[in-house]
Amino acid sequence: MILYHGSNVVVKQPKLVEQNRFLDFGYGFYTTTNEEQAKNFAQKVIVFRGGKPIVNVYELDENAFTHLLKIKKFSAPDEKWLNFVSAHRNGTYNGEKYDLIIGAVANDDVYRTLQVYSAGLLTKEQALEMLKIKKLFNQYVFATQEALQFLKFIEAREV
């Protein structure tokens, strides 16, 4: 499988870096199977950090790690996904820790739905219904060094 990471730098050796904000799946190295999503993120990063928009490309052999890592996979943006992302985005998650988390991205459009839900202006059912009409891409979040060892850097491209 090919994964992409949008950045303002080449990332040959991914590392876990302290984050200054709460993200969908918490602390980790975020990747996606959608190259366009990585390009868009790279464009956003340079606005805040400078540099050039770079898409880093990795290979991940799914058969090599499935029995070695603790993996959380969301097959759809359902109630469990909503609870998990909301807790991470609010900084209140205190559940199980995982090496790798796979699921839908709460992009800017989805994030607005989550904000309105978190503010109590939408019920859980209303938020889930709104999420059904959104085009959601995926993300693979490597949350431990053990998980990162399975990513193989292929190349970096300026976009």
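Q: How do the residues of the lining of the second largest pocket divide up?
A: They split into 10 nonpolar, six polar and four charged. Here Ala, Val, Leu, Ile, Met, Phe, Trp, Tyr, Cys and Pro count as nonpolar, Asp, Glu, Lys and Arg as charged, and the others, Gly among them, as polar.

Q: Before we go on, what kind of model is this?
A: It's a predicted model: local features need pLDDT of at least 70, and side-chain atom pairs count only at pLDDT 80 or more, while totals for chains, interfaces and linings use all residues. Residues are numbered from 1 along each chain as its sequence is written, and side-chain values use heavy atoms, with hydrogens and water left out.

Q: Cool. What volume does that second largest pocket have?
A: About 330 Å³, taken as the space filled by probe spheres set on grid points joined across faces, edges and corners. A pocket is an open set of points on a 1 Å grid over the protein atoms alone, where a 1.4 Å probe fits, with protein on both sides within 12 Å along at least five of seven lines; lining residues have an atom within 4 Å of a point.

Q: And which residues are closest to its centre?
A: Of the 20 lining residues, those are Phe25, Gly26, Tyr27, His88 and Lys97.

Q: Switching to rings: how many aromatic pairs are there?
A: Eight. Rings of Phe, Tyr and Trp (its six-membered ring) pair if their centres lie within 6.5 Å; planes under 30 degrees apart are stacked, over 60 edge-to-face, and the rest tilted.

Q: Why is Phe25 with Phe84 called edge-to-face?
A: Their centres are 5.7 Å apart and their planes sit at 65°, so the pair is edge-to-face. Phe25 is in the loop between strand E1 (2-7) and strand E2 (29-31), and Phe84 is in helix H3 (residues 79-90), so the pair ties together parts 59 residues apart in sequence. Helices (H or I, at least four residues) and strands (E, at least two) are DSSP runs, numbered from the N terminus.

Q: Is Phe25 buried or exposed?
A: Buried, at 1% relative accessibility; Phe84 is buried too, at 8%. Buried means under 20% relative accessible area, exposed over 50%, and partly exposed in between (1.4 Å probe, protein chains only).

Q: What about the largest nonpolar core, how many residues does that have?
A: 18, and Phe25 and Phe84 are among those with the most contacts inside it. H3 gives the most to this core, with four residues. A nonpolar core is a set of buried Ala, Val, Leu, Ile, Met, Phe, Trp, Tyr and Cys residues joined through side-chain atoms within 4.5 Å.
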